[in-house]
Amino acid sequence: MAKRKNGFIIVSLVGILLVQAGKSYAEDAAREDAKELADKVVEKMKETQEEEKWESREYYKLGVSYFKDKRFLDALREFEKAIEIKPDNKKISGYLKKTKALVEKEANIYFSKGVKLYKKKKLDDARREFEKVPLESSKYQDAQQYIEKVNADKETARLNAEARETKEKKNAEE
């Protein structure tokens, strides 16, 4: 009976050692998996940073190209994309500031022309000028209000012409 008890103890001890070894192995494997995962995350972050750097540089270069071609609204949009990725970049910030000022200047010219044409009752020409005012401009809302006025004035003119025509037909019938 003592041999059986000793055998049981030995088997139990071997079992405990195997469980411990299994736990240790599992912990080591988990650590290794965690390390591999962390390495993958770090690598992906580096790739993403490189992609963002490249993307920002491409937006910047395209913006500069548009700027040189005096396509200021297109340049503004590209510089805004670039600065969103690299907010501390002084070159991009400088171009962005200059470009915003130029877009605003152009918008003011379109808006002023539109107002002059509106006052002269050249409604279609006025609408075309107001439609050139970009969304990015501080004059955009004002231009939209003038477009509504142009549309209302055109509708009023159409209704007045229709009323005159009806009145003339009625007078001709009498």
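Visitor: What makes Lys61, found in helix H1, count as partly exposed?

Guide: Its relative accessibility is 46%. Buried means under 20% relative accessible area, exposed means over 50%, and partly exposed is what lies in between, with a 1.4 Å probe and protein chains only. The 46% of Lys61 falls in that middle range, so Lys61 counts as partly exposed. Please keep in mind that this is a predicted model, where local features need pLDDT of at least 70 and side-chain atom pairs count only at pLDDT 80 or more, while totals for chains, interfaces and linings use all residues. Residues are numbered from 1 along each chain as its sequence is written, and side-chain values use heavy atoms, leaving out hydrogens and water.

Visitor: How far apart are Lys61 and Ile92, in sequence and in space?

Guide: They are 31 residues apart in sequence, and their C-alpha atoms are 9.7 Å apart.

Visitor: What does the predictor's confidence look like along the protein chain?

Guide: The mean pLDDT (the predictor's confidence in each residue, from 0 to 100) is 80, and 70% of the residues reach 70 or more. Residues 1–8 have a pLDDT below 50, and beyond near neighbours in sequence this stretch has 0 contacts in the model. Where pLDDT is low, the predicted coordinates should not be read in detail.

Visitor: How many helices and strands are there, and what makes a run count as one?

Guide: The protein chain has 5 helices and 0 strands, in the order α-α-α-α-α from the N terminus on. Both are DSSP runs numbered from the N terminus: H or I over at least four residues for a helix, E over at least two for a strand.

Visitor: Why is Ser56 called buried?

Guide: Ser56 lies in helix H1, residues 2–68. Its relative accessibility is 4%, which is below the limit for buried, so Ser56 counts as buried.

Visitor: Which residues is Ser56 in contact with?

Guide: Leaving aside its neighbours within four places in sequence, Ser56 is in contact (heavy atoms within 4.5 Å) with Ala82, Ile85, Lys86 and Ile92.

Visitor: What makes the pair of Ser56 and Ala82 a polar contact?

Guide: A polar atom of the Ser56 side chain lies 3.4 Å from the backbone oxygen of Ala82. A polar contact is a pair of N or O atoms within 3.5 Å; within protein, one must be able to donate a hydrogen and the other to accept it, and residues adjacent in sequence count only if both atoms are side-chain atoms. The 3.4 Å of this pair is within that limit.

Visitor: What is called a nonpolar core here, and which residues touch the most other members of the largest one?

Guide: A nonpolar core is a set of buried Ala, Val, Leu, Ile, Met, Phe, Trp, Tyr and Cys residues joined through side-chain atoms within 4.5 Å. The largest has 14 residues, of which Tyr60, Phe67, Phe79 and Tyr95 touch the most other members. H1, helix H2 (72–85) and H3 each supply at least two residues, and the largest share, 6 residues, comes from H2. A second, separate core of 13 residues includes Ala107, Leu117, Ala126 and Ala143.

Visitor: How do you know on which side of H4 its buried residues lie?

Guide: The buried residues of H4 (residues 123–131) are Leu123, Ala126, Glu129 and Phe130. They cover an arc of only 120° around the axis, which puts them on the same side of H4; the arc is that of the directions from the helix axis to the C-beta atoms. These residues pack against helix H3 (90–119) and helix H5 (140–173).

Visitor: And Tyr110 in helix H3: what makes it partly exposed?

Guide: Its relative accessibility is 24%, in between the limits for buried and exposed, so Tyr110 counts as partly exposed. Not counting neighbours within four places in sequence, Tyr110 is in contact with Glu129, Lys132 and Val133.

Visitor: What is special about the phi of Lys70?

Guide: Phi of Lys70 is near 65°, a positive value in a residue other than glycine. Most residues other than glycine have a negative phi. Lys70 is found in the loop between H1 and H2, and at 61% relative accessibility it is over the limit, so Lys70 counts as exposed.

Visitor: Where is Lys121, and why is it called exposed?

Guide: Lys121 is in the loop between H3 and H4. Its relative accessible area of 59% is over the limit too, so Lys121 is exposed. Lys121 has a positive phi of about 65° although it is not a glycine.
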